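Reader: I would like a close look at how the helices pack in this model, followed by some of the loop residues. Please take one helix pair as the starting point and go through it with care.

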Amino acid sequence: MKYQNWWSKSVIYQIYPRSFCDSDADGIGDIRGIITQLDYVKLLGADIIWISPINESPFVDNGYDISDYYAISPVFGNMSDFEELISKARDREIGIMLDIVINHTSDQHYWFKEAKKSKCNKYRDYYIWRDPANNSEPNDLRSNFGGSAWELDETTGQYYLHFYSKEQPDLNWENPELRSEIWALMNYWIGKGVEGFRLDVIDLIGKRPDHKIKENGPRLHEYLQEMHNCVLEGKKVVTVGETWGATVNNAHLFCAPERKELDMIFQFEHIQLDKIPGKSRWDLKELELNDLKNTMSKWQRAMNGNGWNSLFWNNHDLPRIVSRWGNDTVYRVESAKMLATLLHGMKGTPFIYQGEEIGMTNFLPKTRDDYIDIETKWIIRERLSSGCDEKELEKALYLKARDNARTPMQWDNSLNSGFTTGTPWMNVNRNYHFINVHLALEDKNSVFYHYKKLVELRKTEHLFVIGDYELVSDNHPDIYAYYRIHGLDALLIICNFHNIKTEINIRRDDIVFCECLLSNYPDRYYNLSNLELQPYEALVLKIKLNGEGNVK
Ligand code: TEU
């Protein structure tokens, strides 16, 4: 048996609640808004909804700074709304995956407020404190949002560690009492009926700041095994860890089934191929298709039987894929479908980020003030103060800013794209008049129906789940093609990644049957020995082999 888990066939839909659907006209999306759209998610076919954090928070980092793990933020609703969401989702056979941020809390969390009071407070050791070194920061560790990772607490004269903003102090996982608190809160939410956890920056919890170790610290896997023991063992709960530090060499440590840690991880290697190596993601470089083929193939092979891939192009931290690696003007529909096909054909669990399924794009700001994310504001400040080229900066922001993912969901053509009848917390992308759910549902050739078909195929064609991945390795500069093979049955996925016509020869003598399951151009004639592909064309072919050839 190549898979045995209830979620192996699942597709996960990510909701960024703030920007999804507003039910009470305060300009911010909420849980009741999500409830009204459950039928939409069901129509798409997703099995699990991952909701970005909805806990009590001062929202310095849009909820990734939790001040009460047991409470729902009133901005999003209340506990009975959440319970109703769980139950109405369950009625539709949809599970709810909670996003838990347990590497750090908000500085407004009770634990931190207490911890700050004195060095001998009961909660002091829940966080990471160090004495100044030569009247300055303990060392030169940097925060991911700019500046030092250490902040001085005037009252006690010590510095605390924060790998994100200073309002997000890092928790001290070395402390067993802290770990027990975390297990308790996770069990609480399982008791409420959640069927999954997305664990924010989980590869950081084993940090050793004195040795400047951030990711993959020495006790990381011990903690995850303890979590499995104390929380996950025997429960119908799927976990996916966010791990920017994962490589093909350490990924199995997180998710090889026998290790009893997590079910899947998000690794980010493929999504960083358009930055200058060794520099930050704001330092742009064109994506080379062959780099993408190599990286995706490497991960497909590495996780074969030794873990399970999560498949994604997008999330709330990443720009819109159609603007990034597709074409968000002339070929928006074709390229969005091609990118979807390329990803959903692979082995693993696909994630769809809200709006991706209708081909939502990055937004063009009127002024730089339209960027409101904490990380984007920091990079603007930093780059301007170091005298950067402003045109380059604008290009980098358009292509990479997290804000791009966070503009409100485009439901229809009405005021504020049907997201809210109030004033939206963030401006709606001006293209909502022609990119919206209402139009997508009316058009049988829309990006939406292509996604829906891909989700359906995962349920009906076993090969999508179990087939082994084989790259058609020809170094073609425009075409990414691969097989998913099981015995004499295979899928052949062929994608033209660029906006030009191109050709490929995939002639094989051992094909006895070939059927097209999905394409993004109408009425195509396929000749595998001389296949001409239209701009961004994508095909999913089902083939039967006679066993006399070599599939590779
Ligand atoms: O993101 C992890 C993270 O490291 C991000 O800073 C990421 O590198 C960057 O945003 C890429 O654009 C998680 C959450 O997904 C993010 O929203 C939070 O801001 C962050 O953790 C802190 O909790």
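Author: **Helix packing and loop residues**

Helix α10, made of residues 332–344, packs with helix α15, residues 447–460, at an angle of about 15°, and the two axes lie 9 Å apart. The model is a predicted one, and what follows should be read in that light. Angles under 35 degrees count as roughly parallel, and α10 and α15 are therefore roughly parallel to each other. The crossing in which α10 passes α15 is right-handed. On the α10 side the contact is made by Val 333, Ala 336, Lys 337, Ala 340, Thr 341 and His 344, while α15 contributes Val 447, His 450, Tyr 451, Leu 454 and Arg 458. Sorted by class, the residues of this contact between α10 and α15 comprise six nonpolar, three polar and two charged.

Two packed helices are described by the angle between their axes and the distance between the axes. A second pair can be described in those terms: helix α11, residues 374–385, and helix α12, residues 390–400, have axes that come within 11 Å and cross at roughly 165°. Angles over 145 degrees count as roughly antiparallel, so α11 and α12 are roughly antiparallel to each other. Their crossing is right-handed. Here Thr 376, Ile 379, Ile 380, Arg 383 and Leu 384 of α11 meet Glu 390, Leu 393 and Leu 397 of α12. Five nonpolar residues, one polar residue and two charged residues take part in this contact of α11 with α12.

In a third pair, the axes of helix α5, residues 176–191, and helix α6, residues 220–232, come within 10 Å and cross at roughly 45°. That angle makes α5 oblique to α6. The crossing of α5 and α6 is right-handed. From α5, the residues Arg 179, Trp 183, Met 186, Asn 187 and Ile 190 meet Tyr 223, Glu 226, Met 227, Cys 230 and Val 231 from α6. The contact of α5 with α6 counts seven nonpolar residues, one polar residue and two charged residues.

Turning to the loops, Met 409 is found in the one between α13 and α14. With a relative accessibility of 0%, Met 409 counts as buried. Leaving aside neighbours within four places in sequence, Met 409 is in contact with Tyr 13, Ser 19, Phe 20, Tyr 40, Gln 354, Gly 355, Glu 357, Met 360, Ser 417, Phe 419 and Val 437. Met 409 and Ile 358 are 51 residues apart in sequence, and their C-alpha atoms are 9.9 Å apart in space.

Asn 431 also lies in the loop between α13, residues 403–406, and α14, residues 437–442. Asn 431 is buried as well, at 13% relative accessibility. Apart from residues up to four places away in sequence, Asn 431 touches Thr 361 and Gln 410.

Towards the start of the chain numbering, Asp 30 lies in the loop between β1 (12–15) and α1 (31–36). Asp 30 counts as buried, with 3% relative accessibility. Not counting residues up to four places away in sequence, Asp 30 touches Pro 17, Cys 21, Asp 22, Ser 23, Asp 24, Val 75 and Phe 76. The C-alpha atoms of Asp 30 and Gly 77 are separated by 6.3 Å, although these residues are 47 residues apart along the chain.

The cysteines can be taken next, since Cys 21 is among the residues that Asp 30 touches. The structure holds zero disulfides. Cys 21 counts as buried, at 8% relative accessibility. Cys 516 is in no disulfide, and the nearest cysteine sulfur, belonging to Cys 514, is 7.8 Å away. With a relative accessible area of 29%, Cys 516 is partly exposed.

Two further loop residues deserve a note for their backbone. Glu 93, placed in the loop between α3 (79–91) and β5 (95–100), has a phi near 55°, a positive value in a residue other than glycine. At 66% relative accessibility, Glu 93 counts as exposed. Lys 212, in the loop between β9 (196–199) and α6, likewise has a positive phi, near 55°, and is a residue other than glycine. Lys 212 is partly exposed, with a relative accessible area of 45%.

Methods:
Residues numbered from 1 in each chain as written. Predicted model: local features only at pLDDT ≥ 70, side-chain atom pairs only at ≥ 80, totals over all residues. Heavy atoms only, no water. Axes fitted to C-alpha atoms, helices over the stretch in contact; angles between N-to-C directions. Helix = DSSP H or I, 4+ residues; strand = E, 2+ residues; numbered from the N terminus. Parallel < 35°, antiparallel > 145°, perpendicular 65-115°, else oblique. Left-handed = near helix turned anticlockwise from the far one by under 90°. Contact = heavy atoms within 4.5 Å. Nonpolar A, V, L, I, M, F, W, Y, C, P; charged D, E, K, R; others polar. Disulfide = S-S within 2.5 Å. Buried < 20%, exposed > 50% of the residue type's maximum accessible area, 1.4 Å probe, protein only.
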